[in-house]
Amino acid sequence: MAIFWNIFLKTSAIFISIVLILFLSASLINYLDKDKKEDFLHISGDANSTNIIAIIELNGAIINNINQFSEFINPFIISPNLVEQYLDDLKKISPKVIIFSINSPGGTVSASKNLYEIITNFKINNNTKIIFHSNEILASGAYWASTSADKIYASYGAVIGSIGVKGPDW
């Protein structure tokens, strides 16, 4: 029995060590990545051109208050306030088109409404064309937010539209 406990404790220690290393690495990457949110990456074309296309990738559920979730879950949450910060940063470079690449099953009603209004107001106030694209899921509140765009595109096989929202049956 002593051999069993010896092997069990060593195996548990190795497993806990690996999990701790992964946790610390993810925390460090997340901390260092927060400083780079205002930077823009030039992908291709003439860097001096005024015909700029910006791409914002959004993945996860649409939720207003991301502070209630842990740092590991935050990359999978779409915060309307964070999207508004991205759009404010994009005002510096005045893009002609913004493409939102979104994969989301939706979210809360208030957060989806906020996201819709933020994008609509940006589009109107900055005379910018907005395009939504989805590779996988664009449903419920995410679909509602995407109706603020000028065009919506989806890859073959993507799930688009409502996923069965039903109100009370009185």
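**Reading aromatic pairs**

User: What is the relative accessible area of Phe 4, and how should it be read?

Analyst: Phe 4 has a relative accessible area of 48% and is partly exposed; under 20% is buried, over 50% is exposed, and partly exposed lies in between (1.4 Å probe, protein chains only). The model is predicted, with local features needing pLDDT of at least 70 and side-chain atom pairs pLDDT 80 or more, while totals for chains, interfaces and linings use all residues. Residues are numbered from 1 along each chain as its sequence is written, and side-chain values use heavy atoms, without hydrogens or water.

User: How is a pair of aromatic rings described?

Analyst: The distance of the centres and the angle of the planes describe such a pair. Rings of Phe, Tyr and Trp (its six-membered ring) pair with centres within 6.5 Å; planes under 30 degrees apart are stacked, over 60 edge-to-face, the rest tilted. This structure holds 4 aromatic pairs. In one of them, the ring centres of Phe 4 and Phe 8 lie 6.0 Å apart with planes at 15 degrees, so this pair is stacked.

User: Where do Phe 4 and Phe 8 lie along the chain?

Analyst: Both belong to helix H1, 4 residues apart, which is about one helical turn; helices (H or I, at least four residues) and strands (E, at least two) are DSSP runs, numbered from the N terminus. Helix H1 covers residues 2-34. Phe 8 is partly exposed at 40% relative accessibility.

User: How are the rings of Phe 100 and Phe 132 arranged?

Analyst: Their centres are 5.0 Å apart and their planes at 20 degrees, so they are stacked. This pair links distant parts of the chain, 32 residues apart: Phe 100 in strand E4 (residues 97-103) and Phe 132 in strand E5 (residues 129-134). Phe 100 is buried at 0% relative accessible area, and Phe 132 is buried at 0%.
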